[in-house]
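Me: I am new to this structure. Please take me through one part of it closely, and set that part in the whole chain.

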Amino acid sequence: QVQLVESGGGLVQPGGSLRLSCAASGRFFSINAMGWYRQAPGKQRELVAGITSGGSTNYAESVNGRFAISRDNAKNTVYLQMSSLKSEDTAVYYCNAEISNSWFSDGMEYWGKGTLVIVSS
């Protein structure tokens, strides 16, 4: 089976920084796109940032310029560097990955269990 495990969440003051990590483990052929989503209380889960297998990135308008997504394919890990954090960034952050178990199969989506980020003074 495939598991995604997030780490790095916690409490940070407004204007501070935090780095989230997500590592994929198990047996699989390849990892395609990876991304970070978040869900705040009373709101729908939304895409924060995504990165393709080739390194192309996209960001939600609300975080563009403050967050940076990257990946280390050798470690099967994706990162989210968060800077200039605001109270509205408070949410549970979830890792997502499209993973294939053969060269011809469609990728399946996997989700981590989430890591909580609280931005408060």
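Reply: Here is the whole chain in brief, then a close look at Tyr110 and at an aromatic pair.

This is a predicted model, in which local features need pLDDT of at least 70, side-chain atom pairs count only at pLDDT 80 or more, and totals for chains, interfaces and linings use all residues. Residues are numbered from 1 along each chain as its sequence is written, and side-chain values use heavy atoms, with hydrogens and water left out.

Start with the chain. It has zero helices and eleven strands. Helices (H or I, at least four residues) and strands (E, at least two) are DSSP runs, numbered from the N terminus. The C-alpha atoms fill a box of roughly 50 × 25 × 25 Å along the principal axes. The radius of gyration is 14 Å, which agrees with the value near 14 Å for a compact globule of 121 residues. That radius is taken over C-alpha atoms, and the globule rule is 2.2 Å times the number of residues to the power 0.38.

Next, burial and contacts. Of the 121 residues, 38% count as buried. Buried means under 20% relative accessible area, exposed over 50%, and partly exposed in between (1.4 Å probe, protein chains only). Contact means heavy atoms within 4.5 Å. Among contacts between residues at least 6 apart in sequence, 56% join residues at least 24 apart.

Now Tyr110. Tyr110 sits in strand 10, residues 108–111. Its relative accessible area is 23%, so Tyr110 is partly exposed. Which residues does Tyr110 touch, leaving aside neighbours within four places in sequence? They are Val2, Leu4, Cys95, Asn96, Ala97 and Ile99. Ala23 is 87 residues from Tyr110 along the chain, and their C-alpha atoms are separated by 12 Å.

Last, the aromatic rings. The structure holds two aromatic pairs. One joins Trp103 and Phe104: the ring centres are 5.8 Å apart and the planes stand at 85 degrees, so this pair is edge-to-face. Rings of Phe, Tyr and Trp (its six-membered ring) pair if their centres lie within 6.5 Å; planes under 30 degrees apart count as stacked, over 60 as edge-to-face and the rest as tilted. Are these two residues buried or exposed? Trp103 has a relative accessible area of 71%, so it counts as exposed. Phe104 is exposed too, at 63% relative accessibility.
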